[in-house]
Amino acid sequence: MPPALIEIGLPVALIFIMAGVGLSLKLEDFQRVYLQPKSFFIGAFCQLLLLPVLAIAVIALIGLTGELAIGLFILALCPGGTTSNLYSYLAKGDVGLSVSLTAVVGFITPFTLPFLAAWAIGYYGKNDTLIEFPILKAWLQLIVVGVVPVLIGMAIHAKWPEFAKKASPYISWFSVAVLLLVIVSICFKLGNKLINYLVMASPAVIALNLLSMVAGLLVAHFLLHNATQTRTITLEVGLQNGTLALLVTTGLLNSEVMSIAPSIYGLFMFISAGLYTAWAIKKA
């Protein structure tokens with residue numbers, strides 16, 4: 001994989017993606033935590049706690065090991081991105097709740113991901129493969145690419161709201177293009193080993209994606225009794241920021257094998273989210 005794509009391309013792409021989140025944010029969006037705390041905290045619970053627990057269960061049940069297991073778990077630690085906001089809009093969900101969850105969970109992730117990823121490496125890592133996770137470097141990089149751009153995007157939205165509205169869709173497409181480029185590069189780098197890794201990781205990735213969406217749907221349905229918010233939470237749990245996961249697995253850990261699960265997930269989530277959105281629109 002070209003070093004420039006990882007060292008420069010991925011961080012720049014993430015900065016644009018998170019700035020795109022900020023472009024859609026207003027200070028009023030954070031008031032949802034106080035005005036509608038139940039829906040927000042249920043969504044945050046599903047993303048921050050339920051999703052990693054499901055990842056651990058899927059890894060155990062399917063028997064995923066080593067770097068493949070670590071990559072899948074790191075993916076489960078990532079927040080949603082601008083894609084989840086877009087699908088929430090298309091599915092006639094609660095877009096305000098979606099944006100609030102993306103923003104707040106995105107602010108929390110830099111403080112949780114480094115420590116939980118380090119635990120996963122220690123737990124799932126093979127004894128003959130020494131992998132060290134740079135916790136401080138990861139924290140600093142996640143702050144730089146995940147928090148600061150959101151604040152800048154919010155400042156731009158406050159100053160030039162029309163520009164922010166027009167720029168947001170382009171940033172979403174840009175993020176998808178970079179994600180695809182990185183995935184293609186990983187495939188070329190793995191070469192003949194690619195098929196074996198795909199066969200090993202695909203069942204776990206697909207199971208995690210589908211189980212997380214079903215779990216989010218059921219939890220939100222039974223606790224909120226609100227169809228609009230249920231759609232949003234289902235999509236927030238089912239659409240993770242694959243580009244952020246790839247930044248960790250390739251940029252910080254320099255492992256193409258760990259990147260397999262986020263790469264498959266990054267492609268499959270568009271299929272599952274698209275099918276769910278079509279179903280939700282028809283039902284609505």
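A cavity is a set of grid points where a 1.4 Å probe fits but cannot get out. The exercises below use this idea and others on a predicted model.

**Exercise 1. Enclosed space**

Task: Find how many cavities of 30 Å³ or more there are, and work out which residues and which elements line the second largest cavity.

Solution: Rolling a probe the size of a water molecule over the atoms shows where empty space is left. Counting in this way gives two cavities of 30 Å³ or more. The second largest cavity holds about 80 Å³ of space, and its lining consists of L14, M18, P79, G106, T109, P110, L142, V145, G146, N241 and L244. The elements that give two or more residues to this lining are α1 (3–23), α6 (95–124) and α7 (135–146). As a last step, sort the lining of the second largest cavity by class, which gives seven nonpolar residues, four polar residues and no charged ones.

**Exercise 2. An open pocket**

Task: Describe the second largest pocket by its volume, its lining residues and the element that gives the largest share of that lining.

Solution: Begin with the volume, which for the second largest pocket is about 200 Å³. Next, list the lining of this pocket, which is made up of L217, H221, H225, N226, A227, T230, R231, Y276, W279, A280 and K283. Two or more of these residues come from each of α10 (194–224), α11 (227–238) and α13 (260–283), and α13 gives the largest share, with four residues. Finally, the classes in the lining of the second largest pocket are five nonpolar, four polar and two charged residues.

**Exercise 3. The length and the bend of a helix**

Task: Compare the expected span of helix α3 with the distance between its end C-alpha atoms, and then locate its bend.

Solution: Helix α3 covers residues 37–62, which makes 26 residues. The expected span is 1.5 Å times one less than the number of residues, and for α3 this comes to 38 Å. The end C-alpha atoms of α3 are 36 Å apart, which agrees with the expectation. The axis of α3 nevertheless bends by about 35° at L50, and a proline, P52, follows within four residues. Just after α3 comes G63, whose phi is positive, at about 85°.

**Exercise 4. Buried or exposed?**

Task: Decide for T102, P114 and Y87 whether each is buried or exposed, and name the residues that each one touches.

Solution: The cut-off needed here is that a residue is buried when its relative accessible area is under 20%. T102, which is found in helix α6, has a relative accessible area of 1% and is therefore buried. Beyond four places in sequence, T102 touches V21, G80, G81, S84, N85 and E236. P114 also belongs to helix α6, and its relative accessibility is 0%, so P114 counts as buried. Setting aside neighbours within four places in sequence, P114 is in contact with T109, F133, I135, A138, W139 and L142. Y87 lies in helix α5 (residues 82–90) and has 13% relative accessibility, so this residue is buried as well. The contacts of Y87, again without neighbours within four places in sequence, are L235, L239, F270, A273, G274 and T277. For one of these partners, T277, the C-alpha atom is 7.0 Å from that of Y87, although 190 residues separate the two in sequence.

**Exercise 5. An enclosed helix and two loop residues**

Task: Explain why helix α12 is described as largely enclosed, and then examine the backbone and the exposure of N254 and K92.

Solution: Helix α12 runs over residues 242–252, and because ten of its eleven residues are buried, α12 is largely enclosed by the rest of the structure. The buried residues are G242, T243, L244, A245, L246, L247, V248, T249, T250 and L252. N254 comes just after α12 and has a positive phi of about 55°, and its place is in the loop between α12 and α13. Since a residue is exposed when its relative accessible area is over 50%, N254 counts as exposed at 60%. K92 is not a glycine, yet its phi is positive as well, at about 60°. K92 lies in the loop between α5 and α6, and with a relative accessible area of 49% K92 is partly exposed.

How values were computed. Residues are numbered from 1 along each chain as its sequence is written. This is a predicted model: local features need pLDDT of at least 70, side-chain atom pairs count only at pLDDT 80 or more; totals for chains, interfaces and linings use all residues. Side-chain values use heavy atoms; hydrogens and water are left out. On a 1 Å grid over the protein atoms alone, a cavity is a set of points where a 1.4 Å probe fits but cannot get out, and a pocket is an open set with protein on both sides within 12 Å along at least five of seven lines; lining residues have an atom within 4 Å of a point. Grid points are joined across faces, edges and corners, and a volume is the space filled by probe spheres set on the points. Ala, Val, Leu, Ile, Met, Phe, Trp, Tyr, Cys and Pro count as nonpolar, Asp, Glu, Lys and Arg as charged, and the others, Gly among them, as polar. Buried means under 20% relative accessible area, exposed over 50%, partly exposed in between (1.4 Å probe, protein chains only). Contact means heavy atoms within 4.5 Å. The bend at a residue is the angle between axes fitted to the seven residues ending there and the seven starting there.
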